[in-house]
Each structure stands twice: as C-alpha cells, then as structure tokens.
Amino acid sequence: MSTTLDAINAIEERALSALGCASSTSALRDVEAAYLGKKGELSLLMGELGKIPNDERPAFGKAVNEAKFRVQQELDSRHATLKAGERAEQFERERIDISMPGRRSTAGREHILQLTTNKIKEFFVGLGFEYRESPELEKFEYNFTSLNYPEDHPAMDEQDTFYVTDDVLLRTQATALQGHVFENIKPPLRMFTVSRTFRNEAVDRTHSHTFHQVDAFMVDEGVSMAHLKGTLNAFASAMFGGEAKVRFRPDFFPFVEPGVDYAISTPKLFGGKWVELGGAGMIHPNILRRYGIDTERYTGWAFGLGVERIPMMATGIDDLRHFLENDLRFLDQFA
Ligand code: FA5
C-alpha cells in the first residue's frame, strides 16, 4: 500500500512543480489536461481502483481525491495570478493615448477653374446670356468649316489637334458652339459657353494640350463693335475689378470681320500694363448667311479667351500646368 501512496505523492509533486513552472494561462491548461483531465495522470489512477485489494480501496481513493484537490487548488491560484498579469499586459498593449490629436477630416472644395467658371456664368447670366454646351469630341465641320475656314487654310494649322477620324476631332475652340446654335435658334440671341478645349501643342508655362475657353456671342439688329467693347469692358471689370480698360488691335480669325485681339489694363495688375486676353470681332457675314440669317437685318459680335488666363492674371499664377496637376498645395490656396 505504501508504495502506491508514494506513487500518488510523486505524481502530485510533479503536477505541483509543473504548475509552478507554467508561465501563462495557456501553459496552465496543458498541465491541467496532463494531470486532472479525463486522460490525466491523477484521473487515470482512479481506473486502477479495481486492481487494489478491497480493504485498501477507501484509503487509496481518498489519497487520490486529496491529491487532485490540492493540485486543483494550486491550479486555481496560479491561474488567478497569471490571468491578472496577462490582463495588465493586454491593457498596456491596447492602451489608447487620449492626448493624441484626432484624425483631421478634410472637406472637398471647388477647383480654381470651377470657381472662375462660376464667376463667368454669374456675369453673363446677369446680362441675359444663355449658357450652352457643345461636344468635346466635335465634327471637323463645326470646329472649322462652319466657322468660315476655307479648305486647307493655314489658320487651321495654328489649331492642330487630336483627330479620332478624318472628320472627328477634339475641339480646338469653344467657338465651335456657334454652328450648333445657328442651326437651331434664330436671332435675336445671346449665348455663352465655358468649354474644355484641346490642341496639339508643345506644353510650356502658358500653353497646354488641354485648357478651357469662354466664348460668347450675340446676334441682333443694330449690333456693333461698340456693344462688343462695352460687354468686354464690363467683363474685365467683373473679373479684375472696377477700373479695367479694354484695348482692341486688328487681328485675323476666319470667323470674324473685322477681327481684333484685345488686351486689358487695370492699375491693380502689372502696374497698368496692357495684357493680351483673347480674340474677338464681328461675326463674319458668311457664317450668318450659311445658316439663313438675313445679314441686312442682323449683325453679331463674338469673343473668346482662355479661362486659365483669368486666375493667372488676377492672382499671379505663373504656370498653366498647375491647373491640371491637382496638387493640393496649389489648389488649397483658392478656398
Ligand atoms: C481662339 O481660339 C478663338 N476661337 C477666339 C475668338 C472667339 C476670336 C470669337 C474671335 C471671336 P486663340 O487661338 O487666340 O483664339 O485662343 C484664344 C485664347 O485661348 C488665347 O488667348 C489663350 O488665352 C487661350 N489659349 C489658346 N491656346 C492655348 C493653349 N495651348 N493653352 C492655354 N491657353 C490657350
């Protein structure tokens, strides 16, 4: 009997020392399974009961149960200690530093070209002009032929662009709207557009393959260059402030006669020096006739200019490429 009790003691001692060595609750679980689990050493001892002589059985059973009890107690106490340590570690790992600044959420805003477009629209709508759009991917006919470009005229070379087929191209000028309007609407009319335009051009500080143009025109009885100049004066004041003046100089565009380029000057910008803005003139009678408009009765003016030019002049942006690059350091300056 005593050897059997010695065996129980030996197992208990190993169990207690294994518990002492376990350094985590998961290691404890392994020890528990090895000694107290269904197939654990102490549990299996009970299976030996049959082999023990009858009179020794109660003492054997008692000894096994007491050993199990002590091992269980030690297990519980080690578990409490290790669990507390593990909790503290986890807490430390997942600690939230409430003094850290939060993540800033940034609000989107309108692009500087959109802000400029809004201003342009406000101006023209205020003068009773109607806003229209025409396709970016345009027929050769509307971009050139309708606008009185003779076949193979060198003026077309100045506006080389990206052709999709011989007849379809990315429009080079917002003026391509004119044919679409004249086909469908009879004078009196006042129209304007803000359009993305394209040209096959070497890119530099003032030229891009993709840019935007404002184009406006009106056709009515008795319309003259004086109306054009008045409108441009008002436009310049709206874009650049009160005292802006407009200067015309003769220039050639197939769709106007006479044609001018115009510059503006205002004391606030570049010390009042003249700055070129775009082209303008009286709509060529060939165009009006092409669309069945009576040129004895009606005349019209038209002008166009680069949209990018407006914020470039007004705020001193020195490179047109910024507009397309979407660099937030640039865009953020125009809230
Ligand atoms: C025209 O495009 C004419 N359609 C303007 C016009 C309309 C004249 C109505 C008469 C009557 P021009 O090619 O000069 O003209 O271009 C007008 C403006 O567009 C230029 O002054 C410039 O501001 C802008 N522009 C032209 N090419 C580029 C380019 N590659 N990059 C940026 N802006 C450009």
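Me: Which kind of ligand atom lies 3.0 Å from a backbone N or O atom of Ser208?

Reply: A nitrogen atom of the ligand. A polar contact is a pair of N or O atoms within 3.5 Å (within protein, one must be able to donate a hydrogen and the other to accept it, and residues adjacent in sequence count only if both atoms are side-chain atoms). Glu201 places a polar side-chain atom 2.7 Å from a ligand nitrogen, while a polar backbone atom of Gly306 is 3.3 Å from a ligand oxygen. The protein buries 89% of the 680 Å² that the ligand exposes when taken alone (Shrake-Rupley areas, 1.4 Å probe; for residues, only the protein chains shown count as cover).

Me: What should I know before trusting such values?

Reply: This is a predicted model, where local features need pLDDT of at least 70 and side-chain atom pairs count only at pLDDT 80 or more, while totals for chains, interfaces and linings use all residues. Residues are numbered from 1 along each chain as its sequence is written, and side-chain values use heavy atoms, without hydrogens and water.

Me: How many residues surround the ligand?

Reply: A residue counts when one of its heavy atoms lies within 4 Å. Here 24 do, and the closest are Gln173, Thr175, Arg199, Glu201 and Gln213. By class, the shell has nine nonpolar, 11 polar and four charged residues; Asp, Glu, Lys and Arg count as charged, Ala, Val, Leu, Ile, Met, Phe, Trp, Tyr, Cys and Pro as nonpolar, and the others, Gly among them, as polar.

Me: Which strands each supply at least two residues of that shell?

Reply: Strands (E, at least two residues) and helices (H or I, at least four) are DSSP runs, numbered from the N terminus. Strand S5 (210-221), strand S8 (275-283) and strand S9 (298-306) each do so.

Me: Where are the cis peptide bonds at Pro188 and Pro258?

Reply: Omega is the angle to read. A cis bond joins Pro187 and Pro188, with omega about 5°, and Pro188 is in the loop between helix H7 (177-184) and strand S4 (189-198). From Glu257 to Pro258 the bond is also cis, with omega near 0°; Pro258 lies in strand S7 (residues 256-265).

Me: Which sign does phi have at Asn148 and Asn326?

Reply: Positive, although neither is a glycine. Asn148 has phi of about 70° and sits in the loop between helix H6 (140-143) and strand S3 (168-170). For Asn326, phi is near 55°, in the loop between helix H11 (322-325) and helix H12 (328-331).
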